[in-house]
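I opened my notebook to look at where this protein leaves room for other things. Here is what I looked up, in the order I went.

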Amino acid sequence: RKGSVIITGASSGLGLATAKALSETGKWHVIMACRDFLKAERAAKSAGMSKENYTVMHLDLSSLESVRQFVRNFKQSGRPLDVLVCNAAVYQPTAKEPTFTADGIELSVGTNHLGHFLLSRLLLDDLKQSDYPSKRLIIVGSITGNTNTLAGNVPPKANLGDMRGLAGGLNGLNSSAMIDGGDFDGAKAYKDSKVCNMLTMQEFHRRYHEETGITFASLYPGCIATTGLFREHIPLFRLLFPPFQKFITKGYVSEEESGKRLAQVVSDPSLTKSGVYWSWNKDSASFENQLSEEASDVAKARKVWEISEKLVGLA
Ligand code: NDP
């Protein structure tokens, strides 16, 4: 049978390119889990994906109720789940004030981390039951949350601190909207959310890999300077960022190439190692990368996990 993969945020950028790459193999059915149904349908069509290779299902990660509803709908569909890809993200580098999810949680961490945390937890059993040769849970990471790299050292740097803001629910009322309890900074909130993504992947690995055989992985797909992720940035930045990445840092990667990389993490029979953060070198060969100290801190990973469980109503 075909493999069955859910990709969140498959309506543009990396998610769409990955959906396209997988659907073209004819070996995968892609469930595009998207907040904008029509946009996703149009995107699939203009990417040339053929109808029998994908299904669009509604998912708004900035609402915990929507996550639960998506999981109910997916379970009712009777499809198996072989691979789950947590890809969607919001990035608000120029926001002066925080905005919030339906549950009153700061939007970047609420969507990128907590929405995916609940989704993954609720779908873990489905992955466990899959009889596919290699079942995987992939959480897209980033270099920007990784302070042992050049890009990860561009201020404001990711830093979860003692997580007092997260413990307080990131509601901007009686707690800060930032994980570390500091003043709101949209770029930092995004980077912090990506650190949570990478910590969560490792915590999943420690808690569930042996028992379930699921491969847990994260990756840095390269700098895809052309995606919608930068849509809220100032125009001058959007103009200069792609050539800067192409010619100066040389970290630039096309959407198509990044999609092939993520598709590889989904389906390559050789990438079964669990607990790994994949990166690619200039010749597009994959290698196991090192994470920064904070992004591989075992105690922090456990703490993020435990607080997150409370915030999404699992504990
Ligand atoms: P895009 O903005 O193109 O894609 C993000 C996707 O997430 C969109 O499909 C968007 O939906 C979706 N999304 C946003 N909010 C929600 C929500 N509440 N519910 C459901 N879906 C939502 O950006 P990229 O493709 O660049 O980003 C994809 C991933 O790659 C992210 O995890 C990002 O952190 C990561 N990444 C990107 C890099 C880059 O250089 N671009 C570098 C490293 C990592 P909609 O289409 O409706 O807006």
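These entries go through the ligand site, then a pocket, then a cavity.

**Entry 1: the ligand site.** A reminder to myself before I start: this is a predicted model. I first asked which residues come nearest to the ligand. The shell holds 31 residues, and Ser11, Lys39, Asn87, Tyr190 and Thr227 come nearest among them. By class, I noted 14 nonpolar, 12 polar and 5 charged residues in that shell. Then I checked helices: H1 (13-25) and H6 (186-212) each supply at least two residues of the shell.

**Entry 2: polar atoms at the ligand.** I went through distances to oxygen atoms of the ligand. For Thr227, a polar side-chain atom lies 2.6 Å from a ligand oxygen. Leu14 takes part through its backbone, where an N or O atom is 2.8 Å from an oxygen of the ligand. Gly9 also offers a polar backbone atom, at 3.1 Å from a ligand oxygen. How much of the ligand does the protein bury? Taken alone the ligand exposes 900 Å², and the protein buries 97% of that.

**Entry 3: the second largest pocket.** I moved on to this pocket, with about 180 Å³ of space. Which element gives the most to its lining? That is H6, with 3 residues. I was pleased to meet H6 again, as this helix also supplies at least two residues of the ligand shell. Strand S7 (276-280) also appears in the pocket lining, and like H6 it supplies at least two residues. I wrote down the lining residues: Gln202, His205, Arg206, Gly275, Val276, Tyr277, Glu288, Asn289, Gln290, Leu291 and Ser296. They sort into 3 nonpolar, 6 polar and 2 charged residues.

**Entry 4: the cavity.** Last, I asked how many cavities of 30 Å³ or more a search of the whole structure finds. The search finds 1. The volume of the largest cavity is about 30 Å³. Around it I found Leu61, Ser62, Ser63 and Leu64, along with Thr101, Asp103, Ile105, Gly110, Leu114 and Gly115. Helix H4 (residues 107-129) contributes the largest share of this lining, 3 residues. As for classes, the cavity lining has 4 nonpolar, 5 polar and 1 charged.

**Entry 5: a line to keep.** If I reread one thing here, it will be H6: the helix supplies at least two residues of the shell around the ligand, and it gives the most to the lining of the second largest pocket.

Key. Residues numbered from 1 in each chain as written. Predicted model: local features only at pLDDT ≥ 70, side-chain atom pairs only at ≥ 80, totals over all residues. Heavy atoms only, no water. Near = heavy atom within 4 Å. Polar contact = N/O pair within 3.5 Å; in protein donor to acceptor, adjacent residues only side chain to side chain. Areas by Shrake-Rupley, 256 points an atom, 1.4 Å probe, with all protein chains shown as cover. Helix = DSSP H or I, 4+ residues; strand = E, 2+ residues; numbered from the N terminus. Nonpolar A, V, L, I, M, F, W, Y, C, P; charged D, E, K, R; others polar. 1 Å grid on protein atoms, 1.4 Å probe; cavity = no way out; pocket = protein on both sides within 12 Å on 5 of 7 lines; lining within 4 Å. Points joined across faces, edges and corners; volume = space filled by probe spheres on them.
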